[in-house]
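Got the viewer open and a selection box ready? Let's take a walk through this one, stop by stop.

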Amino acid sequence: MTGSDLVMYEEEFRKIDSELQKLHQQSNAKVVFLVDKNGQLIASTGETHDLDTTSLASLTAGNIAATGGIARLLGEKEFTILFHEGEKDNIHISLIGQRVILVVIFDGRSSLGLVRLRVKKASETLTKIFEEITRKVEKDKGEGKLDESLFAEISDEDIDNLFR
Amino acid sequence: MSFINYSSREINCKIVYYGPGLCGKTTNLQYIYRRTNPEQKGKLISLATETERTLFFDFLPLALGDIKGFKIRFHLYTVPGQVFYAASRKLILKGVDGVVFVADSQIERMESNLESFDDLKINLAEQGYELEKLPFTIQYNKRDLPNIVPVLDMDRFLNLGGKPWFEGVAVTGRGVFETLKAVAKQVLFELKKNY
């Protein structure tokens, strides 16, 4: 693989989760979630119970990818913010550190201005957390820690068993 | 690019079904969707035109089970096969962990197969991948039709690296799970190698 696999640890996950909760409260949003650029959901908070977050994550990433394609055709590096307005709900999508996508769903109880302001603040914190994760992964890879914890023990049989 | 989440104890991987227009990529996903237990799958999302041609992608999240306490999840994507959707195809290959190439076995589609195969190699190269080094499986689809190319001939043209291949009839499900299993296995072994 390309060496850019995303790894999430307990400690950083908790930091991310609390940052999302803070953003959720401060921006008066319905739902806040974080997606990796390839469409995998990293964390979510808010009224997620009747939402298909897996599909949302994949479609959001597709949306960002398509918009990125448009940007490059126009000679832009990337459009970092997308905003879709609906009758009741609105969705604010922003790119963080070229790596992850922050999605905020909100209704009339909040406003675009408030969401933008809070997202900007949260982005700075989240960027730092993801930099930490990258450093940690490099370090663990170097020390061979990831080996012992999981992959070294996976056998042909384990993988076969998945398909029974 | 897989996503290994030590916090929720999950491993997520991305598999892309590639191939010329109307070769059966979406049909593969539809069969997998129909034949998987409800608790193992999410929604099958299809971004398609009114005539049911894939416009951007199909998406199917699958939970395969556990290995050493980690949930193994695969996200299956198809690309739009039609030539003029080249830009979209490139986007979907981003962060791919494994590729399934679905080839159309009909004689008159051989040229489209080759064209799509070259397109795949070029698009992967643009993202810094080499097809030869990537988990890869070929499915020779539509083996139930009368006017088809012998499988060994197809293999000679399309399968240069000697990767696993299967004969398929995606509408009836023949070869569908075998193909998925072969690529998924390679993806997991690749992960093992890298960590």
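How many bridges join β2(B) to strand β5 of chain B, and do the two run parallel or antiparallel? Select residues 70–78 of chain B for β5 and put β2(B) beside them: the two run parallel, joined by 8 bridges. Keep in mind as you click around that this is a predicted model. For a landmark on this pairing, pick B:Glu10 and look across to B:Lys71 in β5(B), which stands opposite.

Stay with β2(B) and bring up residues 98–104 of chain B, which form strand β6. This pairing is parallel too, over 4 bridges. Here the pair to label is B:Ile15 and B:Gly98, which stand opposite each other.

Now go to residues 3–5 of chain B, strand β1, which pairs with β2(B) in the antiparallel sense over 3 bridges. Click B:Ile4 and you'll find its bridge partner, B:Ile11, in β2(B). The hairpin linking β1(B) and β2(B) has 4 residues between the strands, and B:Arg9 in it takes a positive phi near 55°.

Before leaving β2(B), colour residues 10–18 by accessibility: 9 of the 9 are buried. Both faces are covered, with B:Glu10, B:Asn12, B:Lys14, B:Val16 and B:Tyr18 on one side. On the other side sit B:Ile11, B:Cys13, B:Ile15 and B:Tyr17.

Next, show both chains and select the contact between them. You should get 43 residues from chain B and 41 from chain A. The buried area is about 4200 Å², and carbon and sulfur atoms give 65% of that.

For the polar side of this interface, the count is 6 residue pairs in polar contact and 2 salt bridges. Zoom in on one of them, where the side chains of B:Lys68 and A:Asp158 meet at 3.4 Å, N to O. Among the chain B elements giving two or more residues to this side are β1, β2 and β5, which you've already visited, along with β4 (54–67). Then select α5(B), because that's where the largest share of chain B's side comes from: 10 residues.

Last stop: residues 112–143 of chain A, helix α3. Its 32 residues reach 45 Å from first C-alpha to last, close to the 46 Å expected. Which of its residues are buried? Highlight A:Val115, A:Val119, A:Ala122, A:Ser123, A:Leu126, A:Ile129, A:Phe130, A:Ile133, A:Val137 and A:Asp140. As you look down the axis, recall that an α-helix has 3.6 residues a turn, so residues three or four places apart point the same way.

Methods
Residues numbered from 1 in each chain as written. Chains lettered and ligands numbered in written order. Predicted model: local features only at pLDDT ≥ 70, side-chain atom pairs only at ≥ 80, totals over all residues. Heavy atoms only, no water. Expected span 1.5 Å × (residues − 1). Buried < 20%, exposed > 50% of the residue type's maximum accessible area, 1.4 Å probe, protein only. Pairing = 2+ DSSP bridges. Contact = heavy atoms within 4.5 Å. Buried area = accessible area lost by both parts, 1.4 Å probe. Salt bridge = Lys/Arg side-chain N within 4 Å of Asp/Glu carboxyl O. Polar contact = N/O pair within 3.5 Å; in protein donor to acceptor, adjacent residues only side chain to side chain.
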